[in-house]
Structures are given as structure tokens and as C-alpha cells.
Amino acid sequence: MMDNRFATALVIACVLCLISTIYLAASIGTDFWYEYHSPSPAENASEPGKSISDEFDHEEDEKIYTDALFRCNGTVGLWRRCITSPRNPHWYSPPATDTVRICVSLSLADQFAEKYKEPGNHNSGSDLNRTYLWRLQFLLPFVSLGLMCFGVLIGLCACACRSLYPAIAIGVLHFLAGLCTLGSVSCYVAGIELLHKKLPPPNDVQGEFGWSFCLACVSAPLQFMAAALFIWAARTNRKEFTLLKAYRVA
């Protein structure tokens with residue numbers, strides 16, 4: 001029979017696990033990991049003879065689409081990048097309120113594409129640091145979700161067997177998931193810093209981490225807390241059961 005303390009710890013751990021999973025899934029699926037704020041995006045969205053929104057939609061050059069992100073209130077996620085553009089950019093003076101959000105989805109090929117030492121210059125050589133940071137920042141969250149899903153399967157098996165011992169394995173899996181989430185956040189921060197060293201934003205453009213990034217940051221400690229509760233409940237229950245068994249034998 002399970003002690004009420006252990007049952008309470010397991011319930012709290014399951015709730016933390018559920019919340020962290022929702023937060024991490026929401027952060028992966030949204031586009032607000034990093035946001036740029038330009039003072040007048042409507043005026044910056046067009047230039048004589050060309051439209052930045054058109055280039056952003058079709059151009060794969062990192063320097064060009066990063067410049068568009070700077071000038072048009074861009075947001076960057078793990079799978080998409082977006083800008084705010086006037087609905088009719090070829091007007092002489094487009095209304096600031098008549099805007100549309102333009103997003104470009106990133107394919108797997110885009111995720112694994114090389115980053116260059118000089119963004120936009122394919123002849124400058126591969127930048128291995130930025131290349132692998134970019135790949136890890138989108139791979140690690142999926143590894144984290146996979147580990148938590150595997151932990152859920154183990155938990156269902158433990159419920160079917162009416163045993164608390166597998167909770168240790170569930171705790172270890174959640175701890176590894178927390179490390180993966182933390183690693184993804186760290187890789188993203190490092191990648192943004194390296195990009196801004198090569199392509200610094202204009203003085204009038206402000207950049208900040210968005211709410212999608214914050215959800216991932218919150219998810220990691222929740223996973224660690226859930227892991228600690230799972231491991232504590234399993235180990236303490238096992239220890240008390242061993243002592244009780246020894247007492248009965250004696």
C-alpha cells in the first residue's frame with residue numbers, strides 16, 4: 001500500500017510534467033522566441049524599385065532576411081520567421097495600421113543548412129559554431145518531448161503493475177528531458193548572440209526574447225522538479241518498505 005506522502009508527491013510530479021509538456025509544445029509551435037521592434041515598420045517595408053516583404057518571402061540569403069526582420073518588426077521561432085508588412089507596400093505612403101503578417105516556414109533542409117562566417121556570403125566558409133547551435137536548438141526540444149512521452153509509457157506500465165519502482169526511471173527520463181530543454185534554450189541564446197555580432201541590429205531597433213522563449217525557460221525547471229519528486233517518492237518508499245520488511249522478519 002502506498003503512503004499518502006508518496007501519492008501526493010506523484011500527483012504533484014504528474015501535474016508538473018503535464019504543465020511542462022504543454023509549455024514546451026507551445027514554445028515549439030509558436031514564432032516568438034525572439035522579437036525585433038522597429039520604430040516605423042511601415043515606412044521601412046519598401047524601397048525604390050523593390051519590396052522587402054517580397055525578398056523576405058522568397059530570398060534564402062541570411063543577410064537579406066535578417067535585415068527584413070530588423071526593419072519590419074520581425075519575430076523568429078524554431079520553425080518560422082515572420083515580419084509585419086503593409087498590405088499595399090507600393091503605395092507612396094501606406095497607412096501604418098493597414099499591415100499584414102508575412103511568415104516563412106523553415107523546412108528540414110533549411111534547419112540543417114550551413115551558416116556562413118559572413119552571413120550572405122557563401123564563399124566565406126562554414127561557421128561551424130552557428131551551424132551546430134542552430135541544429136541543436138530545434139532538435140533538443142523534440143528529444144525532450146520524446147523522453148517525457150517515454151516516461152509516460154513507463155508510468156502507465158507502473159500503474160498496471162501497481163509498482164512504484166519504475167518512478168525512478170521516470171524521474172531520470174524527466175531529468176534528461178530538462179537537460180535537453182535547457183540545452184536548447186542555451187543554444188538559442190548563444191546563436192542569437194553570435195548572429196548579432198556579425199549582423200548587429202540598427203541603433204533604433206530593439207531586440208528581446210519573446211514569450212515562446214520564456215515558455216521553454218519555464219518548462220526546464222518544471223521538468224527538474226518533476227524528476228526530483230519522482231525519484232524521491234520511489235527511493236523513499238523503497239527504503240521504508242525494506243525497513244518494514246526487515247522489522248517483520250525480525
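In this predicted model, a good place to start is D31, which is buried, with a relative accessible area of just 7%. D31 pairs up with R80 in a salt bridge whose closest N and O atoms are 2.4 Å apart. The two come from distant parts of the chain: R80 belongs to strand β5, while D31 sits in the loop between α1 and β1 (34-37), and 49 residues separate them. R80 is partly exposed, at 31% relative accessible area.

That pair is one of five salt bridges in the structure. Another joins E62 to R130, with 2.8 Å between the closest N and O atoms. E62 is in helix α4 and R130 in helix α6, so this bridge ties together parts that lie 68 residues apart in sequence. Both ends are tucked away: E62 is buried at 10% relative accessible area, and R130 is buried too, at 5%. Then there is D67, which bridges to R71 with the closest N and O atoms 3.7 Å apart. Here both partners sit in helix α4, four residues apart, or about one turn of the helix. In an α-helix there are 3.6 residues to a turn, so residues three or four places apart point the same way. D67 counts as partly exposed, at 30% relative accessibility. Shared partners also link some salt bridges into one network, made up of E62, D127, R130 and K198.

Helix α4 itself (residues 62-71) is mostly covered, with seven of its 10 residues buried. Among them are Y65, T66, A68, L69 and F70, along with the salt-bridging E62 and R71. Just past the end of α4, N73 takes a positive phi of about 50°. C72 is buried as well, and its relative accessible area is 0%.

On to the cysteines. The model has one disulfide, and it is made by C82 and C103, whose sulfur atoms are 2.1 Å apart. This bond links distant parts of the chain, from C82 in strand β5 (residues 80-86) to C103 in strand β6 (residues 99-105), 21 residues apart. The torsion about the S-S bond is about 110°, so the disulfide is right-handed. Its two ends see different surroundings: C82 is buried with a relative accessible area of 0%, whereas C103 is partly exposed at 26%. C217 is another story, because its sulfur lies 6.0 Å from the closest cysteine sulfur, that of C214, and this is too far for a bond. C217 counts as partly exposed, with 29% relative accessibility.

S124 is found in the loop that runs between α5 (108-111) and α6 (128-161). At 18% relative accessibility, S124 counts as buried, because the cut-off for that label is under 20%. Its side chain reaches the backbone nitrogen of E118 at 3.1 Å. Leaving aside residues up to four places away in sequence, S124 touches Y116, K117 and E118.

Finally, the surface. L18, I22, Y23 and V218 make a nonpolar patch of about 350 Å². Helix α1 (residues 4-29) supplies the largest share of this patch, three residues. One residue in helix α1 is L18, which counts as exposed at 53% relative accessibility.

Terms used:
Residues numbered from 1 in each chain as written. Predicted model: local features only at pLDDT ≥ 70, side-chain atom pairs only at ≥ 80, totals over all residues. Heavy atoms only, no water. Disulfide = S-S within 2.5 Å. Buried < 20%, exposed > 50% of the residue type's maximum accessible area, 1.4 Å probe, protein only. Polar contact = N/O pair within 3.5 Å; in protein donor to acceptor, adjacent residues only side chain to side chain. Contact = heavy atoms within 4.5 Å. Patch = residues over 30% accessible without salt bridge, like charges linked within 9 Å, V, L, I, M, F, W, Y side chains within 5 Å. Areas by Shrake-Rupley, 256 points an atom, 1.4 Å probe, with all protein chains shown as cover. Salt bridge = Lys/Arg side-chain N within 4 Å of Asp/Glu carboxyl O.
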